[in-house]
Amino acid sequence: MKLVVLIACFLQITLGKAQEGIIFLKEPLNWRYEKIDFPLDFAPEISYKGFEELRFSPGMFDVTSEEYFTYAFVIALEKEDEFSIKEMETFLTIYFKGLCNAVMNSKKMTIDLDKITVETQKINQQFISKIHFFDPFTDGRIVDLKMEMDVVKKNDKTILITLVSPQEKEHKIWNILYNIKKSIKL
């Protein structure tokens with residue numbers, strides 16, 4: 001019995017410490033977490049300073065999963081002025097081309113980066129984007145991502161709360177993504 005209590009205490013302390021550095025995306029715990037500092041190694045042309053936290057669905061890299069390429073991320077940037085639509089499209093294009101290029105080079109894949117496109121519209125403080133992308137993490141297949149990005153100004157920071165999936169907005173995965181967004185405390 002003492003061993004069970006000891007193991008439970010150890011797990012609680014370990015999980016608590018793993019969550020300490022997380023600022024925005026504290027859940028869902030079964031989604032893989034990453035934190036990356038800006039400027040990004042894979043897209044050094046993006047000169048903003050800050051960081052991004054990401055949560056990847058359990059089926060993120062499983063091409064047969066309904067959760068395939070579904071994830072949420074929050075970017076906190078030292079940026080006081082507003083993003084224009086053109087600036088956001090440029091930002092996302094450089095981001096996704098850089099990510100694709102870095103991963104495909106590590107896997108010795110060839111993908112035409114010029115075919116990665118971003119279309120964005122702005123409704124109030126939300127950017128709605130369609131990203132024509134290649135999945136370099138699995139087999140290089142084309143993935144048409146749907147992205148919702150809320151922009152929140154906090155002091156001298158710009159916070160981008162972002163939901164991404166290739167699934168149509170009616171799909172149940174978007175309910176999970178919206179719940180993640182609701183759980184974010186700014």
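The exercises below work through the fold, one strand pair, two residues of a neighbouring strand, the cores and a pocket of this model.

The model is predicted, so local features are given only at pLDDT of at least 70 and side-chain atom pairs only at pLDDT 80 or more, while totals for chains, interfaces and linings use all residues. Residues are numbered from 1 along each chain as its sequence is written, and side-chain values use heavy atoms, with hydrogens and water left out.

**Exercise 1. Establish how many helices and strands the protein chain has, and in what order they run.**

Step 1. Helices (H or I, at least four residues) and strands (E, at least two) are taken as DSSP runs, numbered from the N terminus.
Step 2. The protein chain has three helices and seven strands, and from the N terminus on the elements follow the order α-β-β-β-α-β-β-β-β-α.
Step 3. With buried meaning under 20% relative accessible area (1.4 Å probe, protein chains only), 43% of the 186 residues count as buried.

**Exercise 2. Describe how β5 is placed between its pairing partners.**

Step 1. Two strands pair if DSSP finds at least two bridges between them; strand β4 (residues 117-123) pairs with β5 in the antiparallel sense over seven bridges, and Thr-120 stands opposite Ser-129 in β5.
Step 2. The two strands form a hairpin with two residues between them, and in the turn Asn-124 has a positive phi of about 55 degrees.
Step 3. β5 is also joined to β6, antiparallel, by nine bridges, with Phe-127 opposite Met-149 in β6.
Step 4. Because seven of the nine residues of β5 are buried, the strand is largely enclosed by the rest of the structure.

**Exercise 3. Compare the surroundings of Arg-55 and Phe-56 in strand β2.**

Step 1. Arg-55 belongs to strand β2 (residues 50-56) and is buried, with a relative accessible area of 2%.
Step 2. A polar contact is a pair of N or O atoms within 3.5 Å; within protein, one must be able to donate a hydrogen and the other to accept it, and residues adjacent in sequence count only if both atoms are side-chain atoms.
Step 3. A polar atom of the Arg-55 side chain lies 2.9 Å from the backbone oxygen of Leu-25, and the side chain of Arg-55 also reaches the backbone oxygen of Lys-26 at 3.3 Å.
Step 4. Phe-56, likewise in β2, counts as buried at 8% relative accessibility.
Step 5. Taking contact as heavy atoms within 4.5 Å, and leaving aside neighbours within four places in sequence, Phe-56 is in contact with Trp-31, Arg-32, Glu-34, Thr-70 and Tyr-71.

**Exercise 4. Identify which element gives the most to the largest nonpolar core.**

Step 1. A nonpolar core is a set of buried Ala, Val, Leu, Ile, Met, Phe, Trp, Tyr and Cys residues joined through side-chain atoms within 4.5 Å.
Step 2. The largest one has 40 residues, and those with the most contacts inside it are Tyr-71, Phe-91, Phe-96, Phe-133 and Leu-160.
Step 3. The element sought is α2, which supplies nine residues.
Step 4. Apart from this core lies another, of 15 residues, among them Phe-24, Val-74, Leu-163 and Ile-180.

**Exercise 5. State which residues lie nearest the centre of the largest pocket.**

Step 1. The largest pocket is lined by 14 residues, of which Leu-54, Phe-56, Tyr-95, Leu-99 and Phe-137 lie nearest its centre.
Step 2. On a 1 Å grid over the protein atoms alone, where a 1.4 Å probe is used, a pocket is an open set of points with protein on both sides within 12 Å along at least five of seven lines, and lining residues have an atom within 4 Å of a point.
Step 3. β1 (32-38), β2 and α2 each supply at least two residues of the lining.

Key:
Buried < 20%, exposed > 50% of the residue type's maximum accessible area, 1.4 Å probe, protein only.
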